[in-house]
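What does the fold look like, and what stands out in its backbone? This report takes the model from overall architecture down to single residues.

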Amino acid sequence: MTGIDTLLRESLGLAVGSVGPRVIAAAVTARMAATGCDTEAGYLLRLRVDPAERGQLTEAVVVPETWFFRYPESFTQLACLAHSRRAALTPTTPFRVLCVPCSTGEEPYSVALTLHRAGLDGLFRVEAVDVSLKAVAATRAATYPTTAFREAGPVPGRDAFTPLPGGRYAVPAAVASAVRVRVGNLAAPGFLAGEQPFDAIFCRNLFIYLTDEARRAAAARFHHLLAPGGRLFSGHAEPLGMIDARFKIDGPPQAFMFRAADAPPALAAPPESPPAATPPPRVAAPQPAAPVTPAASTPPGDALSLVRTRLDAGRAADAVEALTAHLGDAPTPHGYTLLGVAHSMLGRSADAERAFTQALYLDPGHYDALVQLLALAQGRGDAAGAANFRRRADKAHALDAAERNGGCR
Ligand SMILES: C[S@@+](CC[C@H](N)C(=O)[O-])C[C@H]1O[C@@H](n2cnc3c(N)ncnc32)[C@H](O)[C@@H]1O
């Protein structure tokens, strides 16, 4: 491990292997060139004395990948949790949500939009925090390209945003005003010390990049920051219960939701009106250029979860290689769908279509594969094909929803 690796581990909690040594090496080379440092030792010295340069290197090594309503089931559960507390909420004692890391803002605004649609305006606050100055600036700007909308399931799509000239979309003011954005480093000692507890904490797709020590420290901090009966939402490959036994998985597997072990497991009964994150089934029209990463239905830590982690980090070629090896031994519809997504990300639509079709061969009602084929049909102007896949996807979604026993549990 180089001195720079050690510095990144100490300052960010970053497990250098998780982003890949080549990414770090490329970032260091680029920053050495930008700062005119000839040797790594000289650049390390500069990093130690210059916080602005540490910030620049941080920007170069973090992975900001995110999108609206990533893991839709988490937002359904969030709406249920907020409804269960509604009677106790006032403008001065609102439902408090922490999003760290917030990246470019899609996640905290998904939270705020969920609670806005649940009728809780004025009764909730979202704190959005990220270590990246660029990410925080993008969150504050609150305007997004179409690629930020990747979920085709029953979640609000672009039509819930304000279209801007140039093809971007703005977060509605009533939603944006409920979100406070700030720079913060989860690995820093005393992170959010002195904060009031939060009813919900979103910490998704960060633990995968942290050292074991940093994960344990972060979990302990969240345990301290979580209000009694609160819930913590993690990413699909982040088994919080294995990091800190004081957390227990709770709710449907695809919500990746945890409660403190000493809190009661069940959320409140379903609200009188369904939460806004579960509107009537519909299939959005995803952009072919922005492939949907299907919700993981596999247990954390298995081969497909690892592949999904690579996809989430934009490593599509690695994912294709791993999947090609894996599917030979264990062909599954979910695996073929991930393969199709990886091909789509690499711009190989014919290979993508073959993979999605193979997924349907194994499971004719596979929702994610149907939505992807719908997007591909739309992309090539095949209206009849698109209508056929839309009908089948709607049917698959209705069956899934019935099996899931509706939103809250
Ligand atoms: C993959 S994004 C996750 C965004 C969002 N939570 C999601 O799941 O879509 C990872 C983010 O973690 C941020 N990050 C990395 N290390 C951090 C740290 N120590 N404290 C706060 N944020 C950090 C990065 O800047 C990046 O925006």
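The text below covers the overall fold, one sheet, one helix pair, the ligand shell and some backbone details.

**Overall fold.** This is a predicted model. The protein has 409 residues, and 47% of them count as buried. Its secondary structure consists of 17 helices and 10 strands. Long-range contacts are well represented: of the contacts between residues at least 6 apart in sequence, 71% join residues at least 24 apart.

**A three-stranded sheet.** One open sheet has 3 strands in the order β3-β5-β4, with antiparallel pairing. Strands β3 (143-144) and β4 (162-163) stand at the edges. Each has a single partner strand, so one side of each lacks a neighbour in the sheet. Strand β5 covers residues 169-170 and is joined to β4 by 2 bridges. In one of these strands, β5, Y169 is the bridge partner of P163.

**A helix crossing.** Two packed helices are described by the angle and the distance between their axes. For helix α3 (residues 21-35) and helix α4 (residues 40-49), the axes come within 11 Å and cross at roughly 80 degrees. Angles of 65 to 115 degrees count as roughly perpendicular, and therefore α3 is roughly perpendicular to α4. On the α3 side, V28, R31, M32 and T35 make the contact; on the α4 side, E40, Y43 and R46 do. These residues divide into 3 nonpolar, 1 polar and 3 charged.

**The ligand shell.** Which residues lie closest to the ligand? They are V62, T66, P101, S103 and N205, out of 23 that surround the ligand. By class, the shell holds 11 nonpolar, 7 polar and 5 charged residues.

**Backbone details.** P101 and S103, both among the closest to the ligand, also appear here. The peptide bond from V100 to P101 is cis, with omega near 5 degrees. P101 sits in the loop between β1 (95-99) and α7 (106-117). S103 is found in the loop between β1 and α7 as well. Positive phi values in residues other than glycine occur at F69 and at S103.

| Residue | Phi | Loop | C-beta neighbours within 10 Å |
|---|---|---|---|
| F69 | near 55 degrees | between α5 (51-61) and α6 (72-85) | 25 |
| S103 | near 50 degrees | between β1 and α7 | 26 |

Are these two residues buried or exposed? A residue is buried if 20 or more other C-beta atoms lie within 10 Å of its own. F69 has 25 such neighbours and therefore counts as buried. S103 has 26, so S103 is buried too.

Conventions
Residues are numbered from 1 along each chain as its sequence is written. This is a predicted model: local features need pLDDT of at least 70, side-chain atom pairs count only at pLDDT 80 or more; totals for chains, interfaces and linings use all residues. A residue is near a molecule or strand if its C-beta atom, placed from the backbone, lies within 6 Å of it. Ala, Val, Leu, Ile, Met, Phe, Trp, Tyr, Cys and Pro count as nonpolar, Asp, Glu, Lys and Arg as charged, and the others, Gly among them, as polar. Helices (H or I, at least four residues) and strands (E, at least two) are DSSP runs, numbered from the N terminus. A residue is buried if 20 or more other C-beta atoms lie within 10 Å of its own, exposed if 12 or fewer, and partly exposed in between; C-beta atoms are placed from the backbone. Two residues are in contact if their C-beta atoms, placed from the backbone, lie within 7 Å. Two strands pair if DSSP finds at least two bridges between them. Axes are lines fitted to C-alpha atoms, for helices over the stretch in contact, and angles run from 0 to 180 degrees between N-to-C directions. Angles under 35 degrees count as roughly parallel, over 145 as roughly antiparallel, 65 to 115 as roughly perpendicular and the rest as oblique.
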